[in-house]
Amino acid sequence: MTRVNRTLVAAAAAIGMSTGAVALIPTVMNPASSAVMPTVSEADLTAMFNAAQDEFGRGNATAGLSKLRTLLAANPRDTDALALQALWSDYCADRKATQSALTSLDNLDRALAHRVRDSIAAIDAGVRIGPDPVPRYYPQTTGIVVLGAGLRPDGSPTDETASRLFAAWTQAIIAYQSPILISAGGSQHGRAEAAVMRDWLVAHALPASRIHLESRAQTLPQHASLAAEAVRGLSMREVVLVTSPDEIRRAASAFLIAGVPVAGATTSTRNLVTNAAPPSKVNQKSLYQDATQVVGIPAERGTGIAPRAFIKPAA
């Protein structure tokens with residue numbers, strides 16, 4: 001086999017293609033080595049990115065990182081891929097790979113690199129915010145954000161939504177000056193979830209003037225991204241999150257990534273004991289999956305739609 005053929009075979013293997021397809025790969029001359037190197041089409045790069053994101057979506061971090069390395073070998077200037085590599089390498093406790101990806105990202109998109117670093121720090125901080133069923137006093141600059149958990153087919157709150165509402169109500173009684181933001185985008189039987197939750201609080205003697213609604217969010221990353229805009233609009237300096245004990249650390253991490261300081265988290269007593277301890281790193285996959293969406297990394301390329309499970313805040 002000639003030197004050029006050996007180079008082509010090695011290059012084809014680097015981008016995950018069979019050697020039988022080498023003759024079909026467009027090639028360019030590398031000025032530094034004078035070797036013939038393959039180029040990769042935009043469609044191929046898109047497929048590589050989507051394949052990596054599919055693995056991460058299924059929780060297969062190792063497989064996703066392997067596919068990202070293939071992509072970055074073909075296009076080392078892909079900033080989204082570098083951001084994903086940094087985040088998921090951190091999840092895998094590979095500090096060297098995390099730092100290498102961030103260093104490369106610094107040279108291409110410093111703002112994105114900064115957001116990724118903040119996200120990693122936010123996840124570390126979020127897992128330390130545990131569920132707390134005891135309401136506490138906060139000043140009026142600390143808002144109360146309660147996340148929806150769905151409605152029954154007849155339009156009434158589910159048991160989980162009712163538990164969150166009771167926790168929010170007790171917190172609002174103690175922190176009597178705090179504004180309340182309800183983030184819920186569901187609907188049933190012609191009734192909007194956020195409005196049903198507001199009506200419940202009003203029926204339990206909280207003034208409607210304290211309650212504000214964000215009614216577009218369908219997922220936790222959306223709650224964080226969209227509520228962040230409302231929080232800033234209401235001049236809240238920090239928030240107390242109200243959700244279920246098994247979701248509190250995910251919510252805290254997502255809100256911190258979205259730029260919302262989290263003063264604390266209050267919950268119902270449902271499943272409180274089983275969620276008292278912080279999750280181990282291997283059980284933090286959902287936090288990293290949420291982080292990529294809050295940062296705004298596309299879940300899928302080539303569809304012409306917004307990243308999966310993410311809605312841009314209204315202008």
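**Helices, buried residues and turns in a predicted model**

Gln85 lies in helix H4, which spans residues 79-91. The model in which this residue is seen is a predicted one. With a relative accessible area of 14%, Gln85 is buried, because a residue counts as buried when that area is under 20%. Leaving aside residues up to four places away in sequence, Gln85 touches Leu65, Leu68, Arg69, Leu72 and Ala101. Its distance to Ala97 can be stated in two ways: the two residues are 12 apart in sequence, and their C-alpha atoms are 7.7 Å apart in space.

The protein as a whole may now be considered. It has 315 residues, of which 48% count as buried. Its secondary structure comprises 11 helices and 9 strands. Among contacts between residues at least 6 apart in sequence, 70% join residues that are at least 24 apart. The accessible surface comes to about 14800 Å², and 53% of this surface belongs to carbon and sulfur atoms.

The next topic is the packing of helices. Two packed helices are described by the angle between their axes and the distance between the axes. Helix H2 (residues 42-57) and helix H3 (residues 61-74) offer one such pair: their axes come within 7 Å and cross at roughly 165°. How are H2 and H3 directed relative to each other? They are roughly antiparallel, because angles over 145 degrees are placed in that class. The crossing in which H2 passes H3 is left-handed. On the H2 side, the residues that meet H3 are Leu45, Met48, Phe49, Ala51, Ala52, Glu55 and Phe56. On the H3 side, their partners are Ala61, Ala63, Gly64, Leu65, Lys67, Leu68, Thr70, Leu71 and Ala74. Sorted by class, the contact of H2 with H3 has 12 nonpolar, 2 polar and 2 charged residues. Two residues of H3 in this contact, Leu65 and Leu68, are also among the residues that Gln85 touches.

A second pair is formed by helix H10 (residues 248-257) and helix H11 (residues 285-295), which pack at an angle of about 25° with their axes 9 Å apart. H10 and H11 are therefore roughly parallel to each other, since angles under 35 degrees count as roughly parallel. H10 passes H11 in a right-handed crossing. From H10, Arg249, Arg250, Ser253, Ala254 and Ile257 take part in the contact, and they meet Ser286, Leu287, Asp290, Ala291, Val294 and Val295 in H11. These residues divide into 6 nonpolar, 2 polar and 3 charged.

Helix H11 also packs with helix H6 (residues 110-126): the axes of H6 and H11 come within 11 Å and cross at roughly 150°. Their crossing is right-handed. Here Leu112, Arg115, Ser119 and Ile123 in H6 meet Leu287, Tyr288, Ala291 and Val295 in H11. The contact of H6 with H11 contains 6 nonpolar residues, 1 polar residue and 1 charged residue. Leu287, Ala291 and Val295 thus appear in the contact with H6 and also in the contact with H10.

Two further residues may be examined individually. Val260 is found in the loop between H10 and strand E9 (262-266). Is Val260 buried or exposed? Its relative accessible area is 2%, and Val260 is buried. Not counting residues up to four places away in sequence, Val260 touches Ala228, Val231, Val239 and Phe255. Val260 and Glu229 are 31 residues apart in sequence, and 9.4 Å separates their C-alpha atoms. Arg164, for its part, is in helix H7 (residues 159-174) and counts as buried at 6% relative accessibility. With residues up to four places away in sequence left out, Arg164 touches Val146, Leu147, Gly148, Ala149, Val242, Thr243, Ser244 and Glu247.

The last topic is the backbone angle phi. Most residues other than glycine have a negative phi. His189 has a phi near 55°, a positive value in a residue other than glycine. Its place is in the loop between strand E5 (187-188) and strand E6 (191-192). With a relative accessible area of 62%, His189 is exposed, because exposed means over 50%. Ser235 also has a positive phi, of about 60°, although it is not a glycine. Ser235 lies in the loop between helix H9 (220-233) and strand E8 (238-242), and at a relative accessible area of 56% this serine is exposed.

Notes
Residues are numbered from 1 along each chain as its sequence is written. This is a predicted model: local features need pLDDT of at least 70, side-chain atom pairs count only at pLDDT 80 or more; totals for chains, interfaces and linings use all residues. Side-chain values use heavy atoms; hydrogens and water are left out. Axes are lines fitted to C-alpha atoms, for helices over the stretch in contact, and angles run from 0 to 180 degrees between N-to-C directions. Helices (H or I, at least four residues) and strands (E, at least two) are DSSP runs, numbered from the N terminus. Angles under 35 degrees count as roughly parallel, over 145 as roughly antiparallel, 65 to 115 as roughly perpendicular and the rest as oblique. A crossing is left-handed if the near helix is turned anticlockwise from the far one by less than a right angle, and right-handed if clockwise. Contact means heavy atoms within 4.5 Å. Ala, Val, Leu, Ile, Met, Phe, Trp, Tyr, Cys and Pro count as nonpolar, Asp, Glu, Lys and Arg as charged, and the others, Gly among them, as polar. Buried means under 20% relative accessible area, exposed over 50%, partly exposed in between (1.4 Å probe, protein chains only). Accessible areas come from the Shrake-Rupley method with a 1.4 Å probe; for residues, only the protein chains shown count as cover.
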